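Work through these exercises with the sequence and the 3D view open. Try each task before reading its solution.

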Amino acid sequence: MSGQTILIACAGGTVTLPGMPLLDRLDGGHLWVNPPREVWERSELTPLELTRWSFLVAATAQAMLHTLPQLEGGCINYWEAGNWALHNAAAPVGPKDPTQSRKVHMHLLGRSPHATHPDWRWGESPRFPDYVASTKWAAGFSPLNNEECAQIAAHTIVVLRDKYAMAVD
């Protein structure tokens, strides 16, 4: 989770602002939702962990949709990931065992009807680059700002409490 800012930590996991956003905040915004413990595959979570993580994912997405003006009329794409960690060029260089190198996390990718980046056009599937081009591709994307993150975190906590009966310390 290097380079990430934690917005929420609770029994469901953590909501983080990624160090390398995969789309610009004005095109919809990008957050990660990590499960309550590191696993290589979601089936490794206990039923309670998976349920709480699912609640956190849904509450965070709802918060994004309700607090980000750029998502008015938009939606969220959910992308469970950990794939680039398996690339031979990723550290440590060479082939990897997914059970040791992959760390499941859910990308919440806001989809704005007004997105301007060609890889995030409304009504199209997102297009991601190959791993070796990912850093250059993402270099121009701005992360969600502090105010947006604070609003999302506050709304997520309300949804967790009121809809899912989940307390957040």
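**Exercise 1. Sort the residues of helix α4 into exposed and buried.**

Solution. Start with the exposed side: N146, E147 and D162 are exposed there. Exposed means over 50% relative accessible area, buried under 20%, and partly exposed in between (1.4 Å probe, protein chains only). The model is predicted: local features need pLDDT of at least 70, side-chain atom pairs count only at pLDDT 80 or more, and totals for chains, interfaces and linings use all residues. Residues are numbered from 1 along each chain as its sequence is written, and side-chain values use heavy atoms, without hydrogens and water.

Now the buried set in α4: E148, C149, I152, A153, T156, V159, L160 and Y164. Seen down the axis of α4, these buried residues fall within an arc of 130°, so they line one face of the helix. The arc is taken from the directions from the helix axis to the C-beta atoms. Their cover includes β1, β2, β3 and α1 (47–67).

**Exercise 2. Check the length of α4 and inspect its two ends.**

Solution. Helices (H or I, at least four residues) and strands (E, at least two) are DSSP runs, numbered from the N terminus. α4 has 19 residues and reaches 26 Å from its first C-alpha to its last. That is close to the 27 Å expected at 1.5 Å a residue. The expected span is 1.5 Å times one less than the number of residues.

Next, the N-terminal end. N145 caps it: a side-chain oxygen lies 3.1 Å from the backbone nitrogen of E147. A polar contact is a pair of N or O atoms within 3.5 Å; within protein, one must be able to donate a hydrogen and the other to accept it, and residues adjacent in sequence count only if both atoms are side-chain atoms.

Then the other end. Just after α4, A165 takes a positive phi of about 50°. A165 counts as exposed, at 72% relative accessibility.

**Exercise 3. Trace the sheet and place α4 on it.**

Solution. Five strands form an open antiparallel sheet, in the order β1-β2-β3-β5-β4. Strands pair if DSSP finds at least two bridges between them. β1 (5–10) and β4 (75–81) stand at the edges with a single partner strand each, so one side of each has no neighbour in the sheet.

Take one pair. β3 (residues 30–34) and β5 (residues 105–111) run antiparallel over four bridges. V33 has M106 in β5 as its bridge partner.

Finally, add α4 (residues 146–164). This helix packs on the sheet, touching β1, β2 (13–17) and β3. Contact means heavy atoms within 4.5 Å.

Methods:
Axes fitted to C-alpha atoms, helices over the stretch in contact; angles between N-to-C directions.
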